[in-house]
Amino acid sequence: MDSFQGEDAEPNKKEEVKEQETVVDPEVVVLQQTPIPKEESESLLVTATQAQAKKQIDALKAQLEAEKLKNQQALAAQQTQQSKLNYLQSENERLFDQVSTLDNQVNIQESYLAESLKREQRLNETLQKQLLQKASITSSPIDNIKSSIDQQPDLLKTKKDSSGKEAISDAEFIDVAVQTNNIKTDVVDGNEPVNEEEKRFSGAVEFGFNYDQDIDVTKSADGRLILDYNVTDNYNINNDIQFEFEDEEDEDTDNDWRWQLQGNYSLDLVNSLFLRSDIQRSQSASYEKEDTFTVGHGHVFFNENNHKFNTEFGPGYKVAEPNDGEDEVSYNEFIVRTKLNYERIVTENLQVTLEGTFELGHKNSVYESEFKIQNRIYQELYLIFDINYKYNQNVPDDTENDELSTGFNLQYAF
């Protein structure tokens, strides 16, 4: 039995060695080929198992480190992509804002352009109306009638003449109402020559009255007569007479008057020569007599867009006699006269004029300025408001250097 069991035990031992050979490393197999004690065999087996486990752990650590590095690289790439995405989003928002701003600017420019076109259209319409009105004022009645006939030919009743052409019948009555001035005319002969001469003569009459009551009662009346004869692009003659009567209670009446006469000869559209006389008589001013005679050159700097600015410059001679007796000194001397004139048509019925005159002499110099507002009330009737300031450098004793006058007048132009 013992031998049999020994034989049986030997194959079992061999099978155990085979199983161990399949599990452990070659170094363990070599060791197991030598007979060792059981305790040492188990210790070696545990050591070999720990070494194998350590290698597997090291391999797993290396694999884990590789995965960790790979994850870090993937995370870095993801962060890079996210930063690029954020940049693209911010750039997209910036471009969107820029496009919105450009759209707003385009809309604003379009609105400005539309408003400019409307304003230009209104200005053109206003200009056409002013040109038509100016043409109506400057043209003769027969021209207005002819233009109305051209626009409304059905107002005329015509018949055939001997040559077969249409002619106005002498027996028919023509009544054409021109809208600008309501002109009516009688029978017009078709063979009658048309008189196309321009209106050369014009004028205006002004009148004003003032009543003051303080310590004394003062009444004054003033008037003005303006006559103008004009030949376009050739010459012009202007006559201006002003007068004022002042009556103060318990005192004598003071009479002041002024006569200005000027002739202009046109050299071209903006240059002219002038000859001028200015005669003044006053019982209330510093000088009773002031007579000025000048010649010179006139120039129009601009006359367009309802603005006009012109000047006059030239030498002259002045005679001045004071008002306070024979002992006062008279000034008779050569002078240099300069005039600046600005006119502005504010509206169709309102016009403003600003004028400055400088008379420079060796003994005495005179500076005068005038501001005038002219407002049309009805057709050819105007309301005039003016302020006149005059400064004499040298005046008699007990008199003033400054003279100031204001007035409201009615003017009728013809």
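## Overall make-up

The secondary structure of this chain comes to four helices and 14 strands, and the reader should keep in mind from the outset that the model is a predicted one. The chain has 414 residues, of which 23% count as buried. Its exposed surface comes to about 30,000 Å², and carbon and sulfur atoms supply 53% of that area.

When contacts between residues at least 6 apart in sequence are considered, 43% of them join residues that are at least 24 apart.

## Confidence along the chain

The mean pLDDT of the chain is 77, and 70% of the residues reach 70 or more. Over residues 1-24, however, the pLDDT is below 50, and beyond near neighbours in sequence this stretch has seven contacts in the model. A further stretch, residues 27-31, also stays under 50, and for these residues the model has five contacts beyond four places in sequence. Where pLDDT is low, the predicted coordinates should not be read in detail.

## A run of antiparallel strands

A series of strand pairings can be followed from β7 to β11, beginning with strand β7 (residues 271-281), which runs antiparallel to β8 and is joined to it by eleven bridges. Within this pairing S272 stands opposite G298 of β8, and the two strands form a hairpin with five residues between them. Strand β8 (residues 287-304) in turn pairs with β9 in the antiparallel sense, over 14 bridges. Here V300 has N310 in β9 as its bridge partner, and the hairpin that β8 and β9 form has two residues between the strands, with N305 in the turn showing a positive phi of about 55°.

Strand β9 (residues 307-322) is also joined to strand β10 (residues 331-345), by 14 bridges and again with the strands running antiparallel; in this pairing F313 stands opposite T338 of β10. Strand β10 then pairs with strand β11 (residues 350-361) over eleven bridges, likewise in the antiparallel sense. L340 has G356 in β11 as its bridge partner, and β10 and β11 form a hairpin in which four residues lie between the strands.

## Two residues in contrast: E304 and N392

E304 is found in strand β8, which covers residues 287-304. Because its relative accessibility is 52%, and the cut-off for an exposed residue is over 50%, E304 counts as exposed. E304 and R344 are 40 residues apart in sequence, while their C-alpha atoms are 9.9 Å apart in space.

N392 lies in strand β13, which covers residues 381-392. Its relative accessibility is 1%, and since buried means under 20%, N392 counts as buried. Its side chain makes a polar contact with the side chain of N364, at 3.4 Å. Leaving aside neighbours within four places in sequence, the residues in contact with N392 are Y287, E290, N364, S365, V366, N401 and E403.

## Aromatic pairs

The structure holds nine aromatic pairs. One of them is formed by Y229 and Y235, whose rings are 6.3 Å apart from centre to centre with 35° between the planes, an arrangement that counts as tilted. Y229 is partly exposed, with a relative accessible area of 31%, and Y235 is also partly exposed, with a relative accessible area of 31%.

The rings of F358 and Y367 have their centres 6.1 Å apart and their planes at 65°; because an angle over 60 degrees counts as edge-to-face, this pair is edge-to-face. F358 is partly exposed, with a relative accessible area of 32%, and Y367 is likewise partly exposed, at 32%. In addition, ring pairs link F301, F302 and F309 into a cluster.

Key
Residues numbered from 1 in each chain as written. Predicted model: local features only at pLDDT ≥ 70, side-chain atom pairs only at ≥ 80, totals over all residues. Heavy atoms only, no water. Pairing = 2+ DSSP bridges. Buried < 20%, exposed > 50% of the residue type's maximum accessible area, 1.4 Å probe, protein only. Polar contact = N/O pair within 3.5 Å; in protein donor to acceptor, adjacent residues only side chain to side chain. Contact = heavy atoms within 4.5 Å. Areas by Shrake-Rupley, 256 points an atom, 1.4 Å probe, with all protein chains shown as cover. pLDDT = per-residue confidence, 0-100. Phe/Tyr/Trp six-rings, centres within 6.5 Å; stacked < 30°, edge-to-face > 60°.
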